[in-house]
Amino acid sequence: MSKQAFRARSFLPHPPAEVFAWHAREGALDRLLPPWSGVTVESRSGSVRDEGSTVVLRMPVGPLGARWVATHHDCVEGRSFRDVQASGPFS
């Protein structure tokens, strides 16, 4: 099975460093998750700045839900970071 990637771009009327700083702040992911999605943060270690840090999410899939573990990689301070699914509901 080949690996697939989901890539998205958003253009924001703010400097990249300002947007990066917002995403690196404590609780940014919690603020990004829509309340109607039912997705909750179970745990996290480190921040987007820390190579290999993790976030564990719980998604309402089926009767028991699904666990989604993502790791942060390739941080370019003030510019970008990459999330990689370590395990979860997506192929």
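Let's start with charge: the protein carries 11 positive and 9 negative charges, and their mean positions are 5 Å apart. Please keep in mind as we go that this is a predicted model.

Now for the overall picture. What are the elements, and in what order do they come? Starting at the N terminus, the pattern reads α-α-β-β-β-β, which gives 2 helices and 4 strands. If you draw a box along the principal axes, the C-alpha atoms fill roughly 40 × 35 × 25 Å.

How much of the chain is buried? Of the 91 residues in the protein, 23% are buried. The exposed surface comes to about 6,900 Å², and carbon and sulfur atoms supply 57% of that area. One more figure for the whole protein: take the contacts between residues at least 6 apart in sequence, and 23% of them join residues at least 24 apart.

Let's walk along the chain now. Between helix H2, residues 28-32, and strand E1, residues 40-45, there is a loop, and Ser 37 sits in it. Which backbone atoms lie by the side chain of Ser 37? On one hand, the backbone oxygen of Pro 34 is 2.8 Å from a polar atom of that side chain. On the other, the backbone nitrogen of Val 39 is 3.2 Å from a polar atom of the Ser 37 side chain. So that is a serine with a polar atom of its side chain within 3.5 Å of backbone atoms of Pro 34 and Val 39.

Next, the strands. E1 pairs with strand E2, residues 54-59, through 5 bridges, and the sense is antiparallel. If you would like a landmark there, find Thr 40, which stands opposite Arg 58 in E2.

Moving on, E2 also pairs with E3, again in the antiparallel sense, this time over 6 bridges. Here you can look for Val 55, whose bridge partner in E3 is Ala 70. The hairpin of E2 and E3 has 6 residues between the strands, and within this hairpin Gly 62 takes a positive phi near 70°.

Stay in that loop for a moment, since Pro 63 also lies between E2 and E3. Is Pro 63 buried or exposed? Its relative accessible area is 85%, and exposed means over 50%, so Pro 63 counts as exposed. For a sense of distance, compare it with Glu 26: the two are 37 residues apart along the chain, and their C-alpha atoms are separated by 30 Å.

The last pairing brings together strand E3, residues 66-76, and strand E4, residues 80-87. These two run antiparallel and are joined by 6 bridges. His 73 makes a handy marker, with Arg 82 as its bridge partner in E4. This hairpin has 3 residues between the strands, and Gly 78 shows a positive phi near 80°.

Which residue other than glycine has a positive phi? Asp 74 does, with a value near 55°. Asp 74 is found in strand E3. How accessible is Asp 74? Its relative accessibility is 43%, which falls between the 20% and 50% cut-offs, so Asp 74 is called partly exposed.

While you have the strands on screen, here is a general point to carry with you: in a regular strand, side chains alternate between the two faces of the sheet.

To wrap up, follow the pairings in turn: E1 with E2, E2 with E3, and E3 with E4. Thanks for listening!

Key
Residues are numbered from 1 along each chain as its sequence is written. Side-chain values use heavy atoms; hydrogens and water are left out. A polar contact is a pair of N or O atoms within 3.5 Å; within protein, one must be able to donate a hydrogen and the other to accept it, and residues adjacent in sequence count only if both atoms are side-chain atoms. Two strands pair if DSSP finds at least two bridges between them. Buried means under 20% relative accessible area, exposed over 50%, partly exposed in between (1.4 Å probe, protein chains only). Contact means heavy atoms within 4.5 Å. Accessible areas come from the Shrake-Rupley method with a 1.4 Å probe; for residues, only the protein chains shown count as cover. Lys and Arg count as positive and Asp and Glu as negative; His and the chain ends are not counted. The place of a charge is taken as NZ of Lys, CZ of Arg, CG of Asp or CD of Glu.
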